Amino acid sequence: MTTHLITFNAPAEAPADLVAWVEKVAELTLPDQVHWCDGSLEERDRLYAEMVASGTFTKLNPEKRPGCYLARSAPSDVARVESRTFICSEHPDDAGPTNNWASPAEMRETLKGVFAGSMSGRTMFVIPFSMGPLGGDISRLGVEITDSPYVVVNMRIMTRMGTPALKLIAETGDWVPAVHSVGYPLVDADGTTRDDLAWPCSDDKYITHFPETREIWSYGSGYGGNALLGKKCYALRIASVLARDEGWLAEHMLVLKITGPDGRVYHLTAAFPSACGKTNLAMLRPTIPGWRVETVGDDIAWMRPGPDGRLYAINPEAGFFGVAPFTSLKTNPTALLALDHDTIFTNVALTDDGDVWWEGMTDETPAHLIDWTGKDWTPGSPTPAAHPNSRFTVRADQASSIADDWENPAGVPIDVILFGGRRATNIPLISESYDWEHGVFVGATVASEQTAAAEGTVGALRRDPFAMLPFCGYNMADYWAHWLEVGKTLGDKAPRIFQVNWFRKDTDGSYLWPGFGENSRPIEWALRRVNGEVAAIDAISGRIPAVEDLNLEGLDLSADQVAKLFAFDNDAWSAEADVTAEYFAQFGEHAPAELYAELDKLHARIEAHKG
Ligand code: GTP
Ligand code: SPV
Ligand code: MN
């Protein structure tokens, strides 16, 4: 260990406790050098150049995409690894049945083992960052140590990173430590060296969280939520614990601002599971006249009651780490145009003229591409050119839809909360919850067909309560109880809760609803409900629109299709309600009585519907 020359060129601003922690991690992981990130353009450009030289990055054609780079991951490291994600609370009950629990003491021993020497031959980067606007009351600070320059340049886009964050850390002393290693040391214990890879990672992966001591340790993956520790690990798993303790909410939600034809402004959040349409909805271009949507955030919302008693939300992130496939001028022109410059692409395809491509981007498929694995690809190839979970990393303010107050540290007041998922059957296009408790029940029972955003079987239906199944840092049922508590605090100032489903399918397997910009139509109905302008029909799932109250003008939708979008099958609902009782039962005493009461009411509505 002493043979390693570790230079601690810590900046003058770095507080002693931070320097001591960095030294400790360096003693364990044995990097060649330590670099404290200042967040400057010079630093970014140097890392870009180094990654081009090392083969991690391909520079895209500067005439087509200036400032843009492509990275290809290892084929084994393409998404979040939920089976390797752990909540290490003292008691298993505090992680709950939906999380992988590990004893903190045992996990610390395991981590000591895997992190020992894990950075040897590499540079260790120290990234001070802020989640939320710098210095904002709702914002929080953190420091990520990583041996991945790819992580550094992505964190630079996704968070407020560098010297200003470090100064706040020194001032406040309040920061969350997060350690990340790709787990591919270049020198082993007996001094044998090996060459680096374009995308180093380990087969052995640990994404671990210590909610009581508020620490994050992530080993073995360089991809997205596994490695950009400000995002899912901090802003959701650790922050959900902070939020429970402090009376606020950390949610897997987009935030948008919507202005009606009369100039009235509303704000809406929506929790949809991974790859179920948050980025798309956050950048919605309404197809109905007079409405305008602006983006506040596309993935995470931190919300708390404000001085006037309403619920206020901030976007803790500074960028979008969005799903590339099917982003097109038709589906999401705002996102596509934001990717014109200064964007990092991961696992998309490369065109012969140095541009990027993915399935669904254009009507015409290029005759030749280099696919995400680096191999030649033609339209006849059996596998997709871009990985289904390929992503772009781009600053939020590159989206033309960005709201002028998206960085307001006080947040924006929320009028409406949407819950949704991918459901081929059962769930109607939109329905309004009867009250807050019913809304929490709806959120708690959301099921969705799985996507490529995490390992697992794509298409398999699973419960994903509040779209937080992989992201809640404590017992899910306690989280539901916390939502019920927050509802009591908000009282009649609480946002109205709706459930939506853009993904219902016809008998031939095609989507019944055109989606994307047309989603403005059910949202318009929701806002008219908020204004008390329109009545609704009591139904099994909640209150649904009368067909004549839903603006369907100009849509090529038959009466039969509309009926199918709002059809209720008693048997299917009965079956789902029966499974819900079993689902709640796994949480034992933790499952709130209010949710069982809501389940009784659901059974009663199903019975009434039969009669
Ligand atoms: P994460 O970043 O993983 O949390 O995902 P997200 O919820 O932001 O998902 P995103 O908006 O990137 O959408 C993922 C996929 O859903 C893309 O392939 C979209 O084209 C598709 N999608 C989004 N909105 C709609 C819609 O209204 N209808 C249909 N049919 N597909 C949609
Ligand atoms: C998700 O999976 O919900 C994402 C992408 O937003 S990742 O950051 O990789 O978790
Ligand atoms: Mn997400």
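**Exercise 1. In this predicted model, find which residues come nearest to ligand 1, then describe the shell around ligand 1.**

Solution.
Step 1. The residues around ligand 1 number 22, and the nearest are Ala275, Lys278, Thr279, Asn280 and Arg391.
Step 2. Look for polar atoms facing the oxygen atoms of ligand 1. In the side chain of Arg391, an N or O atom is 2.7 Å from an oxygen atom of ligand 1. For Asp299, a polar side-chain atom is 3.0 Å from an oxygen atom of the ligand; for His252, the distance is 3.4 Å.
Step 3. Turn to the surface. Ligand 1 taken alone exposes 670 Å², of which the protein buries 92%.
Step 4. Assign the shell to elements. Two or more residues come from each of α9 (278–282) and β18 (319–323). The largest share is that of α9, with three residues.
Step 5. Sort the shell by residue type: 11 are nonpolar, seven polar and four charged.
Step 6. Place the shell in the domains. Domain 2 (250–318 + 405–610) and domain 3 (320–398) each supply at least three residues.

**Exercise 2. Describe the surroundings of ligand 2 and state how much of ligand 2 the protein buries.**

Solution.
Step 1. List the residues around ligand 2: Arg80, Gly224, Gly225, Lys231, Lys232, His252, Ser274, Asp299, Phe321, Arg391, Ala453 and Phe471.
Step 2. Sort them by type. Three are nonpolar, four polar and five charged.
Step 3. Find polar atoms close to oxygen atoms of ligand 2. A polar side-chain atom of Ser274 is at 2.5 Å from one, and a polar side-chain atom of Lys232 is at 3.0 Å. Gly225 takes part through its backbone, with a polar atom 2.9 Å from an oxygen atom of the ligand.
Step 4. Taken alone, ligand 2 exposes 280 Å², and 99% of that is buried by the protein.
Step 5. The elements giving two or more residues to this shell are α7 (224–227) and α8 (230–246).
Step 6. At least three residues come from each of domain 1 (3–56 + 80–246) and domain 2 (250–318 + 405–610).

**Exercise 3. Decide whether Tyr266 is buried or exposed, and identify its contacts.**

Solution.
Step 1. Locate the residue: Tyr266 belongs to strand β14 (residues 265–271).
Step 2. Its relative accessibility is 2%. The cut-off for buried is under 20%, so Tyr266 counts as buried.
Step 3. Leave aside neighbours within four places in sequence. The contacts of Tyr266 then include Leu256, Trp291, Asp415 and Leu527.
Step 4. Consider one of these contacts. Leu256 and Tyr266 are 10 residues apart in sequence, and their C-alpha atoms are 8.4 Å apart.
Step 5. Asn531 is also a contact; its side chain makes a polar contact of 2.7 Å with the side chain of Tyr266.

Key. Residues numbered from 1 in each chain as written. Chains lettered and ligands numbered in written order. Predicted model: local features only at pLDDT ≥ 70, side-chain atom pairs only at ≥ 80, totals over all residues. Heavy atoms only, no water. Near = heavy atom within 4 Å. Polar contact = N/O pair within 3.5 Å; in protein donor to acceptor, adjacent residues only side chain to side chain. Areas by Shrake-Rupley, 256 points an atom, 1.4 Å probe, with all protein chains shown as cover. Helix = DSSP H or I, 4+ residues; strand = E, 2+ residues; numbered from the N terminus. Nonpolar A, V, L, I, M, F, W, Y, C, P; charged D, E, K, R; others polar. Domains from an automatic or database assignment. Buried < 20%, exposed > 50% of the residue type's maximum accessible area, 1.4 Å probe, protein only. Contact = heavy atoms within 4.5 Å.
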